[in-house]
Amino acid sequence: MKKGLIKVGSYNIKIDFLDTHTAKVIYSKLPIVSKINFWGNEVYFYTDLKIKIEDNARKIVTKGELAYWPEGDAIAIGYGPTPISLDKEIRLASDCNIWATTVFNLEQLNSLSEQQEIIVSNV
């Protein structure tokens, strides 16, 4: 399993890439540098990856799963309810490709500010 690192603010988030087409494309394009945005308890940032939706894409994710949002060409890190969540689920804007996981305490992302730089790199 390939390993990666997301650096944002004072955080270094270790990630494990999954064995998916999206994960392989993202890994091949590292480093990815962008600016973060928030949507409820989700951090997302735009990319220029242009990856197509996968057959197993989904809107509802579990904490620790990293997603790629084909409609917005963005990486999404959901860690709690978003504006369209029902109850306490983590519901993304539309179907997303799951490409990596982390055990990092993602609630810490609430301390970040919009437009902070984020870098996804390999280890």
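This passage walks through a predicted model, starting at its helix H1 and moving on to strands, backbone oddities, cores and aromatic pairs.

Helix H1 spans residues 21–28, and its buried residues are Thr22, Ala23, Val25 and Ile26. These four sit on the same side of H1, because the arc they cover around the axis is only 165°. Turn to the other side of the helix and the picture flips: His21, Lys24 and Ser28 are exposed there. As for what lies over the buried residues of H1, the cover includes a good run of strands, namely S2 (11–17), S3 (32–35), S7 (65–69), S8 (74–78) and S9 (90–101).

Between H1 and S3 comes a loop, and Pro31 is found in it. The peptide bond joining Leu30 to Pro31 is cis, with omega at about 0°. Strand S3 itself then shows a neat back-and-forth. In a regular strand, side chains alternate between the two faces of the sheet. Along S3, Ile32 and Ser34 point to one face and are buried, whereas Val33 and Lys35 point to the other and are not. The partner strand here is S10 (residues 117–122), which pairs with S3 in the antiparallel sense over four bridges. Within that pairing, Ser34 stands opposite Ile118 of S10.

Two other loops hold residues with a backbone quirk. Asp87, in the loop between S8 and S9, has a positive phi of about 60° even though it is not a glycine. Its relative accessibility is 71%, so Asp87 counts as exposed. Gln115, in the loop between S9 and S10, likewise is not a glycine yet has a positive phi, of about 70°. With a relative accessible area of 44%, Gln115 is partly exposed.

Now for the interior. In soluble globular proteins, nonpolar side chains tend to be buried together. In this model the largest nonpolar core has 29 residues, and the members that touch the most others are Ile15, Ile26, Trp99 and Leu109. At least two residues of this core come from each of S1 (3–8), S2, H1, S5 (42–46), S7, S8, S9 and S10. Strand S2 gives the largest share, four residues. Apart from this core lies another one, made of nine residues, including Tyr44, Val61, Ile90 and Leu92.

Aromatic rings meet here too, with four aromatic pairs in the structure. One of them is Tyr11 with Phe104, an edge-to-face pair at 5.6 Å centre to centre and 65° between the planes. Tyr11 belongs to strand S2 and Phe104 to the loop between S9 and S10, so this pair ties together parts that are 93 residues apart in sequence. Tyr11 is buried at a relative accessible area of 16%, and Phe104 is buried at 18%. Phe17 and Trp99 make a tilted pair, because their ring planes lie at 50°, with the centres 5.3 Å apart. Since Phe17 is in strand S2 and Trp99 in strand S9, the pair ties together parts 82 residues apart in sequence. Both Phe17 and Trp99 are buried. Together with Tyr27, these two residues, Phe17 and Trp99, form one aromatic cluster.

Conventions:
Residues numbered from 1 in each chain as written. Predicted model: local features only at pLDDT ≥ 70, side-chain atom pairs only at ≥ 80, totals over all residues. Heavy atoms only, no water. Buried < 20%, exposed > 50% of the residue type's maximum accessible area, 1.4 Å probe, protein only. Arc of directions from axis to C-beta. Contact = heavy atoms within 4.5 Å. Pairing = 2+ DSSP bridges. Core = buried A, V, L, I, M, F, W, Y, C linked by side-chain atoms within 4.5 Å. Phe/Tyr/Trp six-rings, centres within 6.5 Å; stacked < 30°, edge-to-face > 60°.
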